[in-house]
Amino acid sequence: MNACNLPVADEWFVRTRVDDAVTLLTEPHVHPLLRCNIWHVHGAGRDLLVDTGLGIASLHAAAVDLFEADLIAVATHAHTDHVGGLHEFGSRAIHAAEAETARSISGVLHLDLANADPAAIEQMAGWGYDIAGGLLTAVPRADFELDGVPRIPAPPTQILVEGDVIDLGDRAFEVLHLPGHSPGSIGLWDAANQLLFSGDAVYDGPLLDEIEGADIEAYVATMERLRELPVATVHGGHDESMDRRRFRGVIDAYLARRAGA
Ligand SMILES: [Zn+2]
Ligand SMILES: [Zn+2]
């Protein structure tokens, strides 16, 4: 136990092999609200990392064997839970609309809800995330302080826009600009394999379109666009992966909720 009365986790990241090329890393002791999916894709010429977690333990150190090849780390957007470890990687890419946010990351993470605004916690519950019990169920080390983790800037080395291609040698991902959840949210689309990394535009959980920087009208347009994409597999920014049927179900539920927005 430690200062915040949470146990110290043996391992911070859990690793799941999804297929021959794709590995999922997650932080199981982080509340689902902030537990982003971290995807590693092994390519013939280059590897791809999609998002980097909360940054309260070193992602690079935890999976150093995965990061031996040339690798580009892409943030689907600049929210805290996706860019926490971005600074640990030499090649960093993000959409133009969020490049400045990544560049100017600063301050410390606020994970101690004792200092949080009760109205914000209540609002979160209304959106489908009950965080009243805390944001962590364990800590990564004994001297960990809930409000003491510095947020480290991750100036992009590559700026992405709609239509850019990230080529791994044996497969390629097209950048889809998917604003709504945030202005510079992107998806990475491998048309040949009908595989989409959708970031926080679509995942199988409560979608957030009323947070700071979100835009419901843009989100509706993004959903209408994504609905037409011939996906077989979607790996989202949170929660379980989706097949086409589930993906369209999530999109249709969103569009029904926001009809006329
Ligand atoms: Zn997220
Ligand atoms: Zn987000």
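## A tour from Gln194 to the pockets

Select Gln194: at 31% relative accessibility, this residue counts as partly exposed. The model on your screen is predicted. Gln194 sits in the loop between strand 10 (186–190) and strand 11 (195–199). Check its backbone angle next. Phi of Gln194 is near 50°, a positive value in a residue other than glycine.

**Next stop: Asp51.** Is Asp51 buried or exposed? Asp51 is buried, with a relative accessible area of 1%. Look for Asp51 in the loop between strand 4 (47–50) and helix 1 (59–62). Asp51 is not a glycine either, yet its phi is positive, at about 70°.

**Now the sheet.** Select strands 8 to 13. They form an open sheet of six strands in the order 8-9-10-11-12-13, and the pairing is mixed. Which strands are at the edges? Pick out strand 8 (165–167) and strand 13 (242–243), each of which pairs on one side only. Stay with strand 8 and add strand 9 (residues 172–177). These two strands run antiparallel, joined by three bridges. Zoom in on Val165. Opposite Val165 stands Glu174, in strand 9.

**On to the largest pocket.** Its space comes to about 1000 Å³. The lining has 37 residues; select Leu34, His79, Thr80, Met124 and Ile211, the closest to the pocket centre. Then colour the helices. Helix 2 (80–83) and helix 4 (118–126) each give the lining at least two residues. Which element supplies the largest share of this lining? Helix 4 does, with four residues. Colour the lining by class: 21 residues are nonpolar, 10 polar and six charged.

**Last stop: the second largest pocket.** Here the space is about 200 Å³. Start with strand 1 (14–17) and strand 2 (22–26), each of which supplies at least two residues of the lining. Val14, Thr16, Leu24 and Thr26 are among the lining residues. Add Pro32, Arg35, Asn37 and Trp39, which also line this pocket. Finish the selection with His238, Asp239, Glu240 and Ser241, again part of the lining. How does this lining divide by class, and how many residues are nonpolar, polar and charged? Four are nonpolar, five polar and three charged.

Notes: Residues are numbered from 1 along each chain as its sequence is written. Chains are lettered from A and ligands numbered from 1 in the order in which they are written. This is a predicted model: local features need pLDDT of at least 70, side-chain atom pairs count only at pLDDT 80 or more; totals for chains, interfaces and linings use all residues. Side-chain values use heavy atoms; hydrogens and water are left out. On a 1 Å grid over the protein atoms alone, a cavity is a set of points where a 1.4 Å probe fits but cannot get out, and a pocket is an open set with protein on both sides within 12 Å along at least five of seven lines; lining residues have an atom within 4 Å of a point. Grid points are joined across faces, edges and corners, and a volume is the space filled by probe spheres set on the points. Ala, Val, Leu, Ile, Met, Phe, Trp, Tyr, Cys and Pro count as nonpolar, Asp, Glu, Lys and Arg as charged, and the others, Gly among them, as polar. Two strands pair if DSSP finds at least two bridges between them. Buried means under 20% relative accessible area, exposed over 50%, partly exposed in between (1.4 Å probe, protein chains only).
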